[in-house]
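Work through these exercises with the model open in your viewer. Try each task before reading its solution.

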Amino acid sequence: MKKELELYLHIPFCIRKCEYCDFLSGPADEKSRRVYLDAMLRELAAVGPQAKEYEVISVYIGGGTPSLLPGDWMEELMEMVRDTYCLKKDAEISMEANPGTLTAINLAGYHRAGINRLSLGCQSTDDTELKLLGRIHTWAQFQESFQMAREAGFANLNVDLMSGLPRQNLTSWEKSLEVIAGMEPEHISAYSLIIEEGTPFAEKKPELPDEEEERRMYERTWEILQSYGYHQYEISNYAKKGKECRHNLGYWTRKEYLGFGVGSASLFQNQRFTNLRDMRVYGAFNGNPESIRRDRETLTVGDQMEETMILGLRLLCGVSRNEFRKNFGRSVEEVYGPVLEKYSRMGLLKIEGDRIALTRAGISVSNPIMADFLLDE
Ligand code: SF4
């Protein structure tokens, strides 16, 4: 039986940078976009033979703003994926899209390309908040895009929302959640704003909701979304039953994945590596995957255990004790006994049958807990 593999395709173009964004993305003219796409087609073709033993269970086209690419370009990309990789029949094929860039013609092309899940960046339903974030779209444009996506036949939609924004308060956050949940996307990602170094926000230091208000926002998120029929399955992700993002579940359970395009990361055959970030060098890709891969690291058993716990505890279902033992030949208690005991005693972690998971109280303070799962090697 073939092993499972996920593909990530990075499209690093945006109309302009949002005030909070530190992703590898930015504006580019049509010619540069085409040069980039051609390089990605060559990379997909060149890497294909390395993945002969694998079946691709999901493809995620992220960015940037992939919806800046025309539908027929997306068809070319997916045709290359199908020709070069063994793509599972019911593979989840997601694409990120931003309101203000979607057209009915392009949506029809994305649908023809086989994309079966769209992730729409909304962030807020309040135009003042959107403007402060530097988003290119208004709330009305989001509504229009959502409607167009449904009309184009997309039956699996995610909407991204952000809490902890400048000028946001608990009431405006609750309104964003309720209005979006009322539109019934299959999935909602609700992240809190993090001010990253080197972004305009890091310089401007806008006034943000205080810690107590942020905590309330987080609590209200699952209360409200639960009342609309969404269940939380990861720290920031909520879905209708059976609509969890399979691709991201793969990241959290350490499935192997290959990244294509500038700056994209891979976990493949127990190694992690990342593509170079220089667009010009990438555009001249010479057909040898090794020429663009950087920071290759072979994972030790300790690295693998740490990743299993730190990624797995992001999921509400947590980590399987049996799988841990099967993979590493040691029980999770043997490796992490004192940490498990400490957080169980504090009521932040629970061990029930085969599963070890954070409690609701543990989820809201997850970062320091995760850090305790790093091993001294
Ligand atoms: S649209 Fe997304 S990737 Fe582009 S600048 Fe804004 S946050 Fe960054």
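The exercises below concern a predicted model.

**Exercise 1. Describe how helix H6 and helix H8 are arranged, and list the residues that make the contact.**

Step 1. Find the helices. H6 covers residues 170-182 and H8 covers residues 211-227.
Step 2. Take the axes. They come within 10 Å and cross at roughly 20°.
Step 3. Classify the angle. Angles under 35 degrees count as roughly parallel, and H6 and H8 are therefore roughly parallel to each other.
Step 4. Add the handedness. The crossing of H6 and H8 is right-handed.
Step 5. List the contact. H6 supplies Leu170, Trp173, Glu174, Leu177, Glu178 and Ala181. H8 supplies Glu213, Arg216, Met217, Arg220, Thr221, Ile224 and Leu225.
Step 6. Sort by class. The contact has 7 nonpolar, 1 polar and 5 charged residues.

**Exercise 2. Decide whether threonine 221 is buried or exposed, and find its partners.**

Step 1. Place the residue. Threonine 221 sits in helix H8.
Step 2. Apply the cut-off. Buried means under 20% relative accessible area. Threonine 221 has 3%, so it is buried.
Step 3. Follow the side chain. It reaches the backbone oxygen of methionine 217 at 2.6 Å.
Step 4. Look beyond four places in sequence. Threonine 221 contacts Trp173, Leu177, Ala190 and Tyr238 there.

**Exercise 3. Map the surroundings of histidine 137.**

Step 1. Locate the residue. Histidine 137 is in the loop between helix H4 (127-133) and helix H5 (139-151).
Step 2. Check accessibility. The value is 4%, so histidine 137 counts as buried.
Step 3. Find the polar partners. The side chain of arginine 135 makes a polar contact with the histidine 137 side chain at 3.1 Å. The backbone oxygen of glycine 121 lies 3.4 Å from a polar atom of the histidine 137 side chain.
Step 4. Complete the list. Leaving out residues up to four places away in sequence, histidine 137 touches Pro99, Gly100, Gly121, Cys122 and Leu130.

**Exercise 4. Compare the settings of glutamine 123 and asparagine 270, neither of which is a glycine.**

Step 1. Read phi. Glutamine 123 has a positive phi of about 75°; asparagine 270 has a positive phi of about 60°.
Step 2. Place both. Glutamine 123 is in strand S4 (residues 117-123). Asparagine 270 is in the loop between strand S10 (265-268) and strand S11 (271-275).
Step 3. Check accessibility. Glutamine 123 is buried at 7% relative accessible area, whereas asparagine 270 is partly exposed at 29%.

Terms used. Residues are numbered from 1 along each chain as its sequence is written. This is a predicted model: local features need pLDDT of at least 70, side-chain atom pairs count only at pLDDT 80 or more; totals for chains, interfaces and linings use all residues. Side-chain values use heavy atoms; hydrogens and water are left out. Axes are lines fitted to C-alpha atoms, for helices over the stretch in contact, and angles run from 0 to 180 degrees between N-to-C directions. Helices (H or I, at least four residues) and strands (E, at least two) are DSSP runs, numbered from the N terminus. Angles under 35 degrees count as roughly parallel, over 145 as roughly antiparallel, 65 to 115 as roughly perpendicular and the rest as oblique. A crossing is left-handed if the near helix is turned anticlockwise from the far one by less than a right angle, and right-handed if clockwise. Contact means heavy atoms within 4.5 Å. Ala, Val, Leu, Ile, Met, Phe, Trp, Tyr, Cys and Pro count as nonpolar, Asp, Glu, Lys and Arg as charged, and the others, Gly among them, as polar. Buried means under 20% relative accessible area, exposed over 50%, partly exposed in between (1.4 Å probe, protein chains only). A polar contact is a pair of N or O atoms within 3.5 Å; within protein, one must be able to donate a hydrogen and the other to accept it, and residues adjacent in sequence count only if both atoms are side-chain atoms.
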